Amino acid sequence: MKDSFLHKGLRKKLVDEISKKGITDSKILDAIMNIPRHLFLDNAFINFAYQDKAFPIGSGQTISQPYTVAFQTQLLDLKPYQKILEIGTGSGYQAAVLKELKLDVYTIERHKDLFKKTKEFLPSIGYECMFIYGDGYKGLPKFAPFDKILITCGAPRIPEQLIKQLKIGGKMVVPVGEGDTQRMHLIEKISDNENKISTHGEFSFVPMLENRVDND
Ligand code: SAH
């Protein structure tokens, strides 16, 4: 399956839709315009690739809604060459957006099959990242500190351990909540013992699972 004019046309409509919903950063809109999202979905869902919706990617997981991806990305105020840690690699779509923005991307996935699939797939379409199989709650102390941390699954509470792996002045975005919806939190690390926390609306994510690095 290649990228075609048809796909590009559908992508343009998606970008218009997302910008109407409030995404104003042109670099993020350009990233969405450039990424062939249809290649991230199972063939059965190919016709849905450019709707602004989340979709199943196998193993009971989802590829996030493009608007949500853009919203989290926009909150982080990213600059080229910053070092970012993503928790929940999933399909790799969010990681591709980060690569389009020229970031240095470290991404963790706890699900073995998804990890293997995306580690092969993303570089095959030009997006090189550091892929790690493991538990996102632990972060990546070996590569810390990070300028930014982006959590793409719903955390029951703010993962304090990860704030320790942020640079002073760094930012973390995390959807927090245990039910069907989570409240988007932006955490700015002011000093080693002071953070500024703000919230940014309700979203729906698959849960961030703790102490579970396996195949279910
Ligand atoms: N960023 C992804 C979104 C995938 S959904 C994309 O763009 O497609 C969230 C992902 O988080 C799932 O793949 C799930 O397996 C993973 N996940 C859940 N808990 C995790 C944890 N503790 N550590 C790492 N990954 C986790």
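A polar contact is a pair of N or O atoms within 3.5 Å. The exercises below concern a predicted model.

**Exercise 1.** Determine which residues make polar contacts with the ligand, and state how much of the ligand the protein covers.

*Solution.*
1. Consider D135: a polar atom of its side chain is 3.1 Å from a ligand nitrogen. This distance lies within the 3.5 Å cut-off, so the pair is a polar contact.
2. In S91, a side-chain N or O atom lies 2.7 Å from an oxygen atom of the ligand.
3. At G88 the backbone takes part, with a polar atom 2.9 Å from a nitrogen of the ligand.
4. On its own, the ligand has 580 Å² of accessible area, and the protein covers 99% of this.

**Exercise 2.** Describe the shell around the ligand by residue, class and secondary structure.

*Solution.*
1. The shell holds 26 residues, of which G88, S91, E109, G136 and L209 are the closest.
2. Sorted by class, 11 are nonpolar, 11 are polar and four are charged.
3. At least two shell residues come from each of β2, β3, α4 and β4.

**Exercise 3.** Locate the ligand relative to the largest pocket and characterise the pocket lining.

*Solution.*
1. The largest pocket is where the ligand sits.
2. The space in this pocket amounts to about 510 Å³. Its lining comprises 34 residues, with Q61, T62, T152, C153 and V206 the closest to the centre.
3. The lining divides into 15 nonpolar, 15 polar and four charged residues.
4. Elements that each give the lining at least two residues include α3 (66-75) and β3 (83-87).

Note on methods:
Residues are numbered from 1 along each chain as its sequence is written. This is a predicted model: local features need pLDDT of at least 70, side-chain atom pairs count only at pLDDT 80 or more; totals for chains, interfaces and linings use all residues. Side-chain values use heavy atoms; hydrogens and water are left out. On a 1 Å grid over the protein atoms alone, a cavity is a set of points where a 1.4 Å probe fits but cannot get out, and a pocket is an open set with protein on both sides within 12 Å along at least five of seven lines; lining residues have an atom within 4 Å of a point. Grid points are joined across faces, edges and corners, and a volume is the space filled by probe spheres set on the points. Helices (H or I, at least four residues) and strands (E, at least two) are DSSP runs, numbered from the N terminus. Ala, Val, Leu, Ile, Met, Phe, Trp, Tyr, Cys and Pro count as nonpolar, Asp, Glu, Lys and Arg as charged, and the others, Gly among them, as polar. A residue is near a molecule or strand if one of its heavy atoms lies within 4 Å of it. A polar contact is a pair of N or O atoms within 3.5 Å; within protein, one must be able to donate a hydrogen and the other to accept it, and residues adjacent in sequence count only if both atoms are side-chain atoms. Accessible areas come from the Shrake-Rupley method with a 1.4 Å probe; for residues, only the protein chains shown count as cover. A molecule sits in a cavity or pocket if more than half of its atoms lie within 2 Å of its grid points.
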